[in-house]
Amino acid sequence: MADKTTDYPVKQRQINDDVKTGNFKPCYLIFGEEVYLRLQNRDKLANAMMAGADKMNLHHYEGSGINPLEVIDMAETMPFFAERRVIIIENSGLFKSGCPELAEYIKNQSETTSFIFVETDVDKRKDMYKAVHAKGLDISCDKQDEETLKKWVAMNVRKEGKNISPMALAYLIDRVGTDMANIVNEVEKLICYCIDKDEISKEDVDAVCANWLTSRIFDMTDAIVEKNQKKAIDLYYDLLALKEPAPKIQALIIRQFNIMLQVKEMVTNSKDRQTIASVIKLPPFIASKYINWAQRYSMEELKNTLELCVSNDEAVKSGKLDAGISLEMIIISSTA
């Protein structure tokens with residue numbers, strides 16, 4: 001699979017070769033936004049390094065506050081009836097803050113100890129990154145692009161003896177999002193659902209895969225128009241954690257306020273619910289929600305919110321404003 005950086009495929013092949021041959025480097029750094037890839041490589045390396053050895057030779061440190069001297073002391077301890085001792089250090093923050101003791105140790109670490117570092121973010125200027133980069137292997141597991149994910153899903157579907165049409169594949173990614181762990185779960189459900197079929201269709205995706213990502217986006221926009229600022233902000237941060245693109249979220253917010261502005265104008269002109277529903281091309285019961293929401297805003301507030309959305313969108317596209325800050329401004333302004 002290709003990554004945003006050109007060396008990802010090369011680094012992944014190196015890890016696969018190390019696992020296959022058993023010729024491991026003294027230390028590995030696995031980092032990046034894509035949790036699924038980080039954990040996959042962590043487990044792949046740890047399982048191969050242990051190779052059935054006693055679990056007392058595997059040590060896992062996690063979180064900030066790790067004592068580097070304790071880690072070094074463990075690294076210097078001979079493994080128990082095994083070729084090596086494996087130390088996993090995860091989400092430590094050491095590759096952001098630095099750690100001179102451990103960085104210095106890695107330069108001449110025990111030959112019977114292997115380190116696996118797993119982090120979300122790293123600072124390549126810090127001593128820890130430089131030490132691992134010089135002595136071992138570092139791989140950036142970043143969020144995958146849509147085309148790469150499609151190839152990956154198609155490959156996994158073929159492994160199960162099935163096919164998935166390009167249309168169904170695109171629909172699946174759009175429906176469940178780009179988080180790889182979530183995609184794996186949804187594909188497993190599809191395989192089970194289609195056990196008596198050779199090809200997975202769009203209808204199968206509709207039947208099995210929950211549209212949870214889009215649902216969260218609409219929950220957030222609903223909270224915004226209901227002026228529930230806390231709920232809107234909480235849902236927004238959930239979407240950020242799911243790596244949902246900011247432009248997509250902003251486009252949906254603009255859509256909601258555009259509809260409300262149309263509804264507000266029609267209500268002001270005494271249009272009935274059926275007419276409003278026909279104009280905005282939504283069912284009457286949905287039109288009723290927009291009518292209720294529009295009553296919470298003055299015409300001026302709706303126009304001001306849309307003007308803010310449009311001006312922020314232009315500022316983001318021209319590089320004058322960060323997309324995340326733009327969205328926070330819109331949410332706070334429209335729910336005040």
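Asn 91 sits in the loop between β3 and α4 (94-97). This is a predicted model, so keep that in mind as you click around. Asn 91 has a positive phi of about 50°, although it is not a glycine. Is Asn 91 buried, partly exposed or exposed? Asn 91 has a relative accessible area of 33%, so it counts as partly exposed.

Another residue with a positive phi is Phe 81, at about 45°, and Phe 81 is not a glycine either. You'll find Phe 81 in the loop between α3 (68-75) and β3. With 77% relative accessibility, Phe 81 counts as exposed, because the cut-off for that label is over 50%.

**The sheet**

Both of those loops adjoin β3, so let's look at the sheet next. Five strands make up an open sheet, and if you walk across it you meet them in the order β2-β3-β4-β1-β5. The pairing is parallel. Which strands are at the edges? They are β2 (58-62) and β5 (137-140), and each of them pairs on one side only. From one strand to the next, the twist averages 15°.

Take a look at the β2 end of the sheet. Strand β3 covers residues 85-90, and five bridges join it to β2, with the two running parallel. As a landmark, find Leu 58, which stands opposite Val 86 in β3.

Two helices lie across these strands. Helix α5 (residues 100-107) lies across β1 (27-31), β3 and β4 (113-119), and it runs at about 135° to β4. Helix α6 (residues 127-135) lies across β1, β4 and β5, and α6 runs at about 120° to β1.

**Two helices side by side**

Now for helix against helix. Two packed helices are described by the angle between their axes and the distance between the axes. For α7 and helix α9 (residues 180-193), that angle is about 35° and the axes are 11 Å apart. The crossing of α7 and α9 is right-handed.

Which residues do the touching? From α7 come Leu 149, Trp 152, Val 153 and Val 157, and they meet Met 180, Ile 183, Val 184 and Val 187 of α9. Sorted by class, the contact of α7 with α9 has eight nonpolar residues, no polar ones and no charged ones.

**Salt bridges**

Charged side chains get their turn here. How many salt bridges are there? The count comes to 17. Here are three of them, with the N to O distance for each pair:

| Pair | N to O distance |
|---|---|
| Asp 204 and Lys 197 | 2.6 Å |
| Lys 150 and Glu 147 | 3.3 Å |
| Glu 301 and Lys 227 | 3.7 Å |

Start with Lys 150 and Glu 147, since both lie in helix α7 (residues 146-159). They are three residues apart, about one turn of the helix. Is Lys 150 buried or exposed? Lys 150 counts as buried because its relative accessibility is 17%, and the cut-off for buried is under 20%. Its partner Glu 147 has a relative accessible area of 48%, so Glu 147 is partly exposed.

In the next pair, Asp 204 is buried, with a relative accessible area of 5%. Lys 197, on the other side of that bridge, is partly exposed at 35%.

The bridge between Glu 301 and Lys 227 comes in at 3.7 Å, N to O. This pair links distant parts of the chain, 74 residues apart. Glu 301 is in helix α16 (residues 299-317), while Lys 227 is in the loop between α11 (212-225) and α12 (229-241). Glu 301 is partly exposed, with a relative accessible area of 33%, and Lys 227 is partly exposed too, at 26%.

Salt bridges can also join up. Asp 7, Lys 11 and Asp 138 are linked in a network of salt bridges.

**A proline to finish**

Last stop: Pro 284, which lies in helix α15 (residues 284-294). Its relative accessible area is 26%, so Pro 284 is partly exposed. What does Pro 284 touch, leaving out residues up to four places away in sequence? The answer is Arg 273, Gln 274 and Ala 277. For a sense of distance, compare Pro 284 with Ile 253: they are 31 residues apart in sequence and 21 Å apart in space, C-alpha to C-alpha.

Definitions and conventions: Residues are numbered from 1 along each chain as its sequence is written. This is a predicted model: local features need pLDDT of at least 70, side-chain atom pairs count only at pLDDT 80 or more; totals for chains, interfaces and linings use all residues. Side-chain values use heavy atoms; hydrogens and water are left out. A salt bridge is a side-chain nitrogen of Lys or Arg within 4 Å of a carboxyl oxygen of Asp or Glu. Helices (H or I, at least four residues) and strands (E, at least two) are DSSP runs, numbered from the N terminus. Buried means under 20% relative accessible area, exposed over 50%, partly exposed in between (1.4 Å probe, protein chains only). Axes are lines fitted to C-alpha atoms, for helices over the stretch in contact, and angles run from 0 to 180 degrees between N-to-C directions. A crossing is left-handed if the near helix is turned anticlockwise from the far one by less than a right angle, and right-handed if clockwise. Contact means heavy atoms within 4.5 Å. Ala, Val, Leu, Ile, Met, Phe, Trp, Tyr, Cys and Pro count as nonpolar, Asp, Glu, Lys and Arg as charged, and the others, Gly among them, as polar. Two strands pair if DSSP finds at least two bridges between them.
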